[in-house]
Amino acid sequence: MLLPHERADDLLRNNLKIIQADDVFSFSMDAVLLARFCSVPPRGRIMDLCTGNGVVPMLLSTRTQAEIWGLEIQERLADMAARSVQLNGLEERIHIEQGDLKEYRTREASLFDLVTVNPPYLPVCAGEQNGNLHFAAARHEIFCTLEDVLAACSRLTRYGGKVAMVHRPARLTDILEGMRRAGLEPKRLRFVHPKAEQEANMVLVEGIRGGKPDLRLLPPLVVYGPDGQYTGELMEVYYGSADSLRVENKERGSE
């Protein structure tokens, strides 16, 4: 399964492994939080856009019996994701496709109950780009813009289905306005703070296609406590038995 310079890292859940390499952008906390924040259907169909090496589909497979797809434009990453799926024996439940989300279409009967996405955060004109295309594309909107991502989410989600995204707070206005333009009504929002006294550096947003206005601001998620260690909620997600963020259980049935 492994090519030269690749390794199989432990996902710390259900004995899952994921193939990664130093010259390719590895998954980070934002992907884990997205997979644990979104409201998953017990069955049905899920799509993860900008799937990278497939970490979100694999983590989602521990929360649901739904069939899961992952779409990635870069051939190298799509291949790594597909081999990670094989490595874990999940070929019957997780399907990795290489393709451009701007062009991806599906039949009306095959729309998804949930679409997740951890898109590149920065416009191409913002900040210095890494010379490594894999790193640059993970951070900058080289292959797709935020508008492209939201259009694809709307196009692929069934009416009443959900869309969940992790992004940077600096883009929140663009996200919320863009969701509404795309027919996705923002319903749940949670800020992620490195420490309680620091500004948020991530935001988790979930919307419903065709939903009614009713945005709920959830309690902030703090990553590190005063001792510099993960807070209890993060420890449960990374090393404990929790397959979703703690607030999920309090929010069921509230959409």
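**Exercise 1.** Are R188 and E206 buried or exposed? Determine also how the two residues are related in the predicted model.

*Solution.*
Step 1. Both R188 and E206 are buried.
Step 2. R188 forms a salt bridge with E206, and their closest N and O atoms are 3.1 Å apart.
Step 3. This pair joins distant parts of the chain, since R188 belongs to strand 8 and E206 to strand 9, with their positions 18 residues apart in sequence.

**Exercise 2.** Identify which acidic residues form salt bridges with R7, and state what the pairing with D22 ties together.

*Solution.*
Step 1. One partner is D9, where the closest N and O atoms are 2.9 Å apart.
Step 2. Another partner is D22, with a closest N to O distance of 3.0 Å.
Step 3. R7 lies in strand 1 (residues 6-10) and D22 in the loop between strand 2 (17-21) and helix 1, so this pair ties together parts that are 15 residues apart in sequence.
Step 4. The relative accessible area of R7 is 30%, and because the partly exposed range runs between 20% and 50%, R7 is partly exposed.
Step 5. D22 has a relative accessibility of 64%; this is over 50%, so D22 counts as exposed.
Step 6. For the wider setting, the count of salt bridges comes to twelve, and E6, D79 and R83 are linked in a network of salt bridges.

**Exercise 3.** Describe the surroundings of helix 5 and locate A152 within them.

*Solution.*
Step 1. Helix 5 spans residues 146-156, and its buried residues include L146, V149, L150 and C153.
Step 2. The buried residues of this helix pack against several elements, including strand 3 (45-49), strand 6 (112-117), helix 6 (172-181) and strand 8 (184-193).
Step 3. A152 lies in helix 5. Its relative accessible area is 0%, which is under 20%, so A152 is buried.
Step 4. Apart from neighbours within four places in sequence, A152 is in contact with L49 and L101.
Step 5. A152 and L49 are 103 residues apart in sequence, yet their C-alpha atoms are 8.7 Å apart in space.

**Exercise 4.** Characterise the largest nonpolar core and the contacts of L60.

*Solution.*
Step 1. This core has 37 residues, of which L33 and L60 touch the most other members.
Step 2. The elements that contribute two or more residues are helix 1 (29-37), helix 2 (55-60), strand 7, strand 9 and helix 7 (232-238).
Step 3. Helix 1 gives the most, with seven residues.
Step 4. Beyond residues up to four places away in sequence, L60 touches A35, C38, V40, I46, I68 and T116.
Step 5. Another core, of 26 residues, lies apart from the largest one; among its members are M47, Y104, V149 and V163.

Key:
Residues numbered from 1 in each chain as written. Predicted model: local features only at pLDDT ≥ 70, side-chain atom pairs only at ≥ 80, totals over all residues. Heavy atoms only, no water. Buried < 20%, exposed > 50% of the residue type's maximum accessible area, 1.4 Å probe, protein only. Helix = DSSP H or I, 4+ residues; strand = E, 2+ residues; numbered from the N terminus. Contact = heavy atoms within 4.5 Å. Core = buried A, V, L, I, M, F, W, Y, C linked by side-chain atoms within 4.5 Å. Salt bridge = Lys/Arg side-chain N within 4 Å of Asp/Glu carboxyl O.
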